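Biologist: Please take one part of this structure and go through it closely, with the whole chain as background. Give the cut-offs behind each term as you use it.

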Amino acid sequence: MNMGPIEEARWLNILTCHRELLVSRLRSIQCILDNLLACGFFCEEDVEIVQRTTTKTNQVRKILELVQCKGEETCEYFIYIIYKVCDAYIDLQPWLKEINYSPSRDVMGMNVVNTDPISRYCEKLRHEMSRDTCFIMSYGQREETRLEELYTDTLMELLNDCNESLGFMESLDEFLGDHGAFNPQGETIYVVGDAGVGKSILLQKLQNLWSKKELQTEAIFFFKFRCRMFSIFKDREEISLRDLLFKYNCYPDHDPDNEVFDYIQRFPEKVIFTFDGYDEIQEELNILNVPEVMSPDDKAHPLQLLISLLSGKLLKGSKKVLTARTGIEIQSRVIRKKLALRGFLPSHLKTYINLHFKEQEHRDLISAQLDASPHLSSLCSTPLFCWIVFKSFRHLDTMHDSFHLPETCITITDIFLLLCEVFLSRSVLPAAALLKKRTRCASDTFKKGLRPLAAFAKLALQGMETRHFIYSEEEIAECGLTDEDLLLGFLRPVSEYDAIGSPPAFEFLHITLQSFLAAFALVLDEQAGPSSILKFFTECSRKTQSSCLPSGFCIDPKEKEPFETNEHLQYTNLFLCGLTSKAHTGLMDYLMSPVVLKKKRALLKSYLSTSVKSHVHGLPQYDREGIKKVHVLPGFLWILRCICETGSKEIAQMTARGIAAGHIKLNFCNIFSGDCIALNFVLQHCVKPLGLEMDNNNISDYGVMQLKPCLCNIKEVRLSVNYLSDSSIEVLAEELCKHKVVEILGLYNNFITDVGAKLVAQIIEECPKLRIVKIGKNKITADGGKHLARAIQKSGSIFDLGMWGNTIGDEGAEAFAEALRHHPRLTNLSLSANGITSVGGRFLAEALKENTVLRIFWLVQNELNDDAAPHLAELVQENTGLSHLWLINNQFTVKGIRHLATALTHNTALKEISLKGNQLSEEEEKQFVADRRLRFH
């Protein structure tokens, strides 16, 4: 069938009709010209005519004139280029939908090559990002491991703006999405975590996924920065945003019209930034107080550009990911969502072992040694420490006969000594010796490698004193380091801080390693007086203390906690305690004067003793229910860590004696499993029973194992929100049932299943002093509920049980009904959010008619409806002594409420029935205003 003239000129007519729209929105012409030329629709003369035209809009007009002159096929191919190169012509994609464009079979056979500067820059960025992120640097410049072969997820917890948990991130596919976002106006994803917990490697994984187009995002540009880079600029140095992006990532190719940066400004939502290590920036910045840059064309100090990007003053709409150590707070108005990295759970550690060790023999050996050493397992929950231990094992196992991990109480100092031994073993052994098995002698390795070790230590100390983390070749040479020394692994080259063509720069493998080496330098220095060893203790002690509370409770945000903002200095102090401890006397005496070492040890011990007395005396105390309680401050936690690192039983006993309170609060103190080693080191020396409150921390199963020796004397165990599994409950059951002193057990919001519930039931049955149990928001079903109910039935001491947020259902409710029927002691019970229907409600109501002790009963957020109302009404009418009945967020209608209202007229003891969130309208609620004990709001 022949086409009419209108149909034959369809594409030409479309271009004519929409000419002005195309002129105004078509910005990139190079790709159009290249493809029209390559396919023979344009000749070289046509291209020259267009390029001789002065302005961009006139160039587009000229292209349209030439295309339309060359006929319908050329017009369709012109539109097809816009269709295929959608990134470059994003402004015209809505127009293609408007004209219902669908390419014909003929045009689809034609080739389109994307030569657009924007698309080419995107591909260049992906290529560069892939090259930079596909390997994990291992030991300096000698060994590399592919990221995908070793990366292991850690526990990633979502937090709100008050640092309260919103659950966990299951996959990196959710990272940039809306899951967990608490502030839609914010643009920054804030990732916090302790030293070595995996913040940098997480960013590397995200960058690598983006480079392979596997990250769930539509962003086509990804710019990565290390925050410490911003501290290398001079005070008066200024740079434009364009140069900051391109100079420290990569420049676009063939972009004479600056189309890439223009695109970034127009479509910031297509851009992702990562800024790693906000805590390392020298200047203490407050986002609200730093002068902001309003225009992307203005030059400013890079720190101003950073703050303006984070606050959304520049490139508003772009996605930013910012990492920092735990405790570093930024203004919540810029945060879209917040993630806290919590390290390895046992399941993560098992995965990491399997990735590290390909031989089953090694996997079994490592697993056995970790199981036999709770101290080591606790430390290995921190990915950096785990990586050091595993890498050291592999290296030293190849060099020495039957190398085993330390079986005694291993400390963080031991871990970094192990790393240094590996580094130094590369220089002290000839190449041929590396092929042989030989007897290991760590002292000999350190002695032979003392020259480079002392030089690296000197460099680290100089950086720590000036808060300097990047070193030039000149600075390195001035410390006596050679090119061969650089290959040992202490330092690694960095390029992201340098402009193209700048001299090489270096940084320590990890800032915690720099802290360790700085401590080594202070110990080794025999020229300075012994008191020089206290320089960083003194600096930290000048700072203001703050309490371990959620950010919403901070008294004065201007008063910075030194042990948060200067954590690397605190690690240096920690390592000083470890290196001067008696456990390492044999090694250090081999490297320096024993007399000087003894003086420094004595001075440090004296300082710690004085600090302990001062801290214990200054801890906030208050009386509650006749018990003196003390709230521990972060500074005191660091003191405990230092005491543990010294291994001094004498100081530990003195500290325990100084704790006069009968209850210690450590809530929201960011305690991880390794800290439990330090806590136990001191608390095991307490003579009188003690209450220990450690809710909302990160102790995990490994931490509970560390607390095992001191549980004999703990009468109040509060471990809610601590990522505990049934393994922890097994430890608690063994110890608490053995000593029978526990009075309060708090295990809310952990990972406890029916297996753990059975063990908690055992504790309830066998501990005659146990009064309060909180085990809500776990994973307990009807089976676990039955065990708990039977235990409650047998207990004559328990009066308060919290089960909110499990799934015991009607079957579990029936078991609790039997437990309640004649219980002599239980006054408070919550079975809220447990999937209980009216069937379970009937069981509970019938049983409670025979109970005269229960006063507070919560059935909030269940599935109770009007079928349960008559039974609950009978309970109310019995006037058993129940004072508070909460039925919030159930399914009662006005019909069911009438039953309760009628029954309430016969009850004088009941103070309230809370019915908020049921199925009543405001008009229906007005029927019950006469009795204020029925509460709907």
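**A cavity and its surroundings**

Modeller: In the protein chain, among contacts (heavy atoms within 4.5 Å) between residues at least 6 apart in sequence, 79% join residues at least 24 apart. This is a predicted model, in which local features need pLDDT of at least 70 and side-chain atom pairs count only at pLDDT 80 or more, while totals for chains, interfaces and linings use all residues. Residues are numbered from 1 along each chain as its sequence is written, and side-chain values use heavy atoms, with hydrogens and water left out.

First, the background. The C-alpha trace of the protein chain spans about 100 × 85 × 55 Å along its principal axes. The chain has 42 helices and 27 strands, taken as DSSP runs (H or I over at least four residues for a helix, E over at least two for a strand) and numbered from the N terminus. Of its 937 residues, 58% are buried, that is, under 20% relative accessible area with a 1.4 Å probe and protein chains only.

The part I have chosen is the largest cavity. A cavity here is a set of points on a 1 Å grid over the protein atoms alone where a 1.4 Å probe fits but cannot get out, and its lining residues have an atom within 4 Å of a point. Grid points are joined across faces, edges and corners, and the volume is the space filled by probe spheres set on the points. The whole structure has four cavities of 30 Å³ or more, and the largest holds about 70 Å³ of space.

Leu-619, Val-630, Val-632, Phe-636, Leu-640, Ile-659, Ile-664, Leu-679, Val-682 and Leu-683 line the largest cavity. By class, this lining has ten nonpolar residues and no polar or charged ones; Ala, Val, Leu, Ile, Met, Phe, Trp, Tyr, Cys and Pro count as nonpolar, Asp, Glu, Lys and Arg as charged, and the others, Gly among them, as polar. Two helices, α31 (634-646) and α33 (673-683), each supply at least two lining residues. The most comes from α33, with three.

How much of α33 is buried? Eleven of its eleven residues are. The buried residues of α33 include Asp-675 and Asn-680 as well as Leu-679, Val-682 and Leu-683, and the last three are also in the cavity lining. The cover over α33 includes α18 (374-379), α31, α32 (649-658), β17 (663-665), β18 (690-693) and α34 (700-707).

Two of those covering helices, α31 and α32, also pack on each other. Their axes come within 9 Å and cross at roughly 150 degrees, where axes are lines fitted to C-alpha atoms over the stretch in contact and angles run from 0 to 180 degrees between N-to-C directions. Phe-636, Leu-640 and Ile-643 of α31 meet Ile-651, Ala-652 and Thr-655 of α32. Five of the contact residues are nonpolar, one is polar and none is charged. Phe-636 and Leu-640 of this contact also line the cavity.

For comparison, here are two sheets elsewhere in the chain. Strands count as paired if DSSP finds at least two bridges between them. An open sheet of seven strands runs β4-β3-β11-β5-β10-β8-β6 with mixed pairing. Its edge strands, each pairing on one side only, are β4 (165-168) and β6 (221-226), and the twist from one strand to the next averages 20 degrees. Strand β11 (residues 335-341) has seven of its seven residues buried. Four bridges join β11 to β3 (residues 156-159) in the antiparallel sense, and five join β11 to β5 in the parallel sense. Lys-338 of β11 stands opposite Leu-159 and also opposite Tyr-190. Strand β5 (residues 188-193) runs parallel to β10 (residues 319-325) over six bridges, with Ile-189 partnered by Val-321.

An open sheet of three strands has the order β12-β14-β13 and antiparallel pairing. Here β12 (471-472) and β13 (491-494) are the edge strands. Strand β14 (residues 505-508) is joined to β13 by four bridges and to β12 by two. Arg-492 has Glu-507 as its bridge partner, and Tyr-471 stands opposite Phe-506. Both faces of β14 are covered, with Ala-505 and Glu-507 buried on one side and Phe-506 and Phe-508 on the other.

How values were computed:
On a 1 Å grid over the protein atoms alone, a cavity is a set of points where a 1.4 Å probe fits but cannot get out, and a pocket is an open set with protein on both sides within 12 Å along at least five of seven lines; lining residues have an atom within 4 Å of a point. Buried means under 20% relative accessible area, exposed over 50%, partly exposed in between (1.4 Å probe, protein chains only).
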